[in-house]
Amino acid sequence: MNIHFRKMLKPEENVVEALNRWENDTKLVPLTRPNKDRVELENKRIITMEDLYQRLEFHEIYLIFVDDQLVGEMNYMVDPPHLFKRTEGTAWLGITIGESVGRGKGIGYQALSYLENEMKRNGLKRIELGVFEFNTTAQKLYQKLGYSEIGRVEAFTYYQDRMWADIRMEKLIK
């Protein structure tokens with residue numbers, strides 16, 4: 001299994017297709033985006049090439065491949081307004097392993113380690129992220145990588161007929 005990463009410099013049609021597939025995968029939606037209620041949770045979303053161009057204005061996006069198959073994407077933005085702890089020079093990161101073939105094989109760990117090195121190379125000193133409280137698998141991964149909880153945003157996302165908190169975590173880059 002050959003895992004590699006590539007920075008996306010411009011939108012690509014195959015990436016838009018994959019993002020649309022992942023964005024509307026009923027197993028992934030609860031894990032990747034906050035939803036205020038059942039209607040929003042079940043809502044389909046369409047991503048266009050233009051959407052991806054706009055996203056690239058504010059995000060550094062990296063594609064995750066296993067052999068030559070696109071299995072996920074990861075990204076970060078610097079100093080977004082939704083940070084829990086507003087510290088200048090903070091990267092907010094996100095990761096999606098969209099293809100089931102890429103899950104449970106340590107790819108997320110390798111991908112996040114790679115992304116942390118990219119952030120460090122770009123002079124960033126702190127990383128913050130949010131993980132929904134029911135996503136214990138992701139929480140364990142982040143803890144293994146050295147992230148620690150800094151707070152919670154209560155009643156943040158709807159899943160399984162109730163509202164859940166968003167756990168905010170941070171890591172200082174050394």
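Let's start with two helices that sit oblique to each other: helix 5 and helix 6. Keep in mind as you click around that this is a predicted model.

**Stop 1: helix 5 and helix 6**

Select residues 107-121 for helix 5 and residues 136-144 for helix 6; their axes are 11 Å apart and the packing angle is about 45 degrees. That angle falls outside the ranges for roughly parallel, antiparallel or perpendicular, so the pair counts as oblique. Turn the view until one helix lies over the other, and you're looking at a right-handed crossing. Now show side chains. From helix 5, pick Gly108, Tyr109 and Leu112, which meet Leu141, Tyr142 and Lys144 of helix 6. Colour this contact by class and you'll get 4 nonpolar residues, 1 polar and 1 charged.

**Stop 2: the sheet**

Next, switch to a cartoon view and find the open sheet. Its 7 strands run in the order 1-2-3-4-5-7-6, and the pairing is mixed. Which strands stand at the edges? Select 3-7 for strand 1 and 148-159 for strand 6: each has a single partner strand, so one side of each has no neighbour in the sheet. Look along the sheet to see the twist, which averages 25 degrees from one strand to the next.

Zoom in on strand 5 (residues 126-132) and strand 7 (residues 162-172), an antiparallel pair joined over 7 bridges. For a landmark here, click Val131, which stands opposite Ile167 of strand 7. Then bring helix 6 back into view: this helix packs on the sheet and touches strand 4 (90-97), strand 5 and strand 7. The direction of helix 6 makes about 160 degrees with that of strand 5.

**Stop 3: a pair of rings**

Time for some aromatics. The whole structure holds 7 aromatic pairs. One to select is Tyr62 with Tyr114: the ring centres are 6.0 Å apart and the planes are at 75 degrees, so this is an edge-to-face pair. Where do these two residues lie? Tyr62 is in strand 2 (residues 60-66) and Tyr114 is in helix 5, so the pair ties together parts 52 residues apart in sequence.

**Stop 4: helix 1 and helix 4**

Last, select residues 13-23 for helix 1 and residues 49-58 for helix 4, whose axes come within 10 Å and cross at roughly 95 degrees. The two helices are therefore roughly perpendicular to each other. Show Glu13, Val15, Val16 and Leu19 on helix 1, then Met49, Leu52 and Arg55 on helix 4, to see the residues that make the contact. By class, the contact of helix 1 with helix 4 has 5 nonpolar residues, no polar ones and 2 charged.

How values were computed. Residues are numbered from 1 along each chain as its sequence is written. This is a predicted model: local features need pLDDT of at least 70, side-chain atom pairs count only at pLDDT 80 or more; totals for chains, interfaces and linings use all residues. Side-chain values use heavy atoms; hydrogens and water are left out. Axes are lines fitted to C-alpha atoms, for helices over the stretch in contact, and angles run from 0 to 180 degrees between N-to-C directions. Helices (H or I, at least four residues) and strands (E, at least two) are DSSP runs, numbered from the N terminus. Angles under 35 degrees count as roughly parallel, over 145 as roughly antiparallel, 65 to 115 as roughly perpendicular and the rest as oblique. A crossing is left-handed if the near helix is turned anticlockwise from the far one by less than a right angle, and right-handed if clockwise. Contact means heavy atoms within 4.5 Å. Ala, Val, Leu, Ile, Met, Phe, Trp, Tyr, Cys and Pro count as nonpolar, Asp, Glu, Lys and Arg as charged, and the others, Gly among them, as polar. Two strands pair if DSSP finds at least two bridges between them. Rings of Phe, Tyr and Trp (its six-membered ring) pair if their centres lie within 6.5 Å; planes under 30 degrees apart count as stacked, over 60 as edge-to-face and the rest as tilted.
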